[in-house]
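I opened the model to look up one residue and its surroundings, and then the empty spaces in the fold. My entries follow in the order of the look-ups.

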Amino acid sequence: MKRFQLAGLFAVLMCAPHVFAQSKPVSDAATVEQLKKFDHDWLDAEKRLDIAYCEKYFADAYVLVFPNGQTYTKKEWLGILKGPDHPTITFLNPEDIQVHLHGNIAILTDHTTLKGHDSKGNSMDGVFNVFRVVTKQDGVWKATGVVMNAIAEKK
């Protein structure tokens with residue numbers, strides 16, 4: 001099952017340049033603001049460990065890919081957030097959110113600053129380029145996929 005979910009996310013990511021090329025700038029300012037708010041609400045819910053919000057607004061096919069390549073399904077990630085080994089996030093802020101809309105699929109890109117640590121006390125601090133896929137299901141936007149890439153520190 002996990003292999004199919006990863007294949008699906010890979011297919012979406014491979015289509016992204018095509019989607020960007022075909023999608024026109026979103027002219028519906030209300031939809032743009034709704035998606036930007038969703039981005040913030042989603043991250044705030046993870047920071048607060050609001051499992052009920054995540055269960056409701058994460059699509060069943062949700063896939064999270066960390067910079068180190070570690071992947072999690074919805075069930076796996078919510079299991080971590082629910083469990084005693086959950087990360088502690090003290091700051092989580094997406095900036096420069098760009099919305100690319102193509103029908104019932106929205107691709108959000110942003111720069112997210114994260115401060116916190118894992119359950120063993122290892123720092124998770126960093127700034128990331130983040131690619132989020134959101135799909136509209138039964139009239140509701142749901143988080144479907146996330147790929148995080150660390151931004152290298154300038155020397």
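Entry 1, contacts of A143. I listed what A143 touches, leaving out neighbours within four places in sequence, and got F38, W42, Y57, F58, A59, Y62 and V133. I note that the model is a predicted one.

Entry 2, position of A143. I placed A143 in strand β6, which covers residues 140-150. Is A143 buried or exposed? I found a relative accessible area of 0% for A143, so I logged the residue as buried, the cut-off being under 20%. I also checked A143 against K74, 69 residues away along the chain, and the two C-alpha atoms are separated by 9.8 Å.

Entry 3, second largest pocket. I turned to this pocket since F38 and Y57, both in the contact list of A143, also appear in its lining. The rest of that lining is Q34, K37, D41, Y53, G139, V140 and W141. Helices α2 (29-48) and α3 (51-57) and strand β6 are the elements that give two or more residues to it. Which element gives the largest share of the lining? I found that α2 does, with 4 residues. By class I logged 5 nonpolar, 2 polar and 2 charged residues for this lining. The volume of the second largest pocket came out at about 160 Å³.

Entry 4, largest pocket. I logged about 340 Å³ of space here. The lining of the largest pocket has 17 residues, and those that lie nearest its centre are F66, N68, Y72, D118 and M124. I sorted the lining of the largest pocket by class and got 10 nonpolar, 4 polar and 3 charged residues.

Entry 5, enclosed space. How many cavities of 30 Å³ or more does a search of the whole structure find? I got 1. I logged a volume of about 190 Å³ for the largest cavity. Its lining has 16 residues, with L43, E46, F66, L92 and M148 nearest the centre. F66 is thus a name I had written down before, among the residues nearest the centre of the largest pocket.

Entry 6, make-up of the cavity lining. I found at least two lining residues of the largest cavity in each of α2, β1 (58-65), β3 (88-102), β4 (105-117), β5 (126-137) and β6. Strand β6 is the one that holds A143. By class, I counted 13 nonpolar, 1 polar and 2 charged residues in the lining of the largest cavity.

Note on methods. Residues numbered from 1 in each chain as written. Predicted model: local features only at pLDDT ≥ 70, side-chain atom pairs only at ≥ 80, totals over all residues. Heavy atoms only, no water. Buried < 20%, exposed > 50% of the residue type's maximum accessible area, 1.4 Å probe, protein only. Contact = heavy atoms within 4.5 Å. 1 Å grid on protein atoms, 1.4 Å probe; cavity = no way out; pocket = protein on both sides within 12 Å on 5 of 7 lines; lining within 4 Å. Points joined across faces, edges and corners; volume = space filled by probe spheres on them. Nonpolar A, V, L, I, M, F, W, Y, C, P; charged D, E, K, R; others polar.
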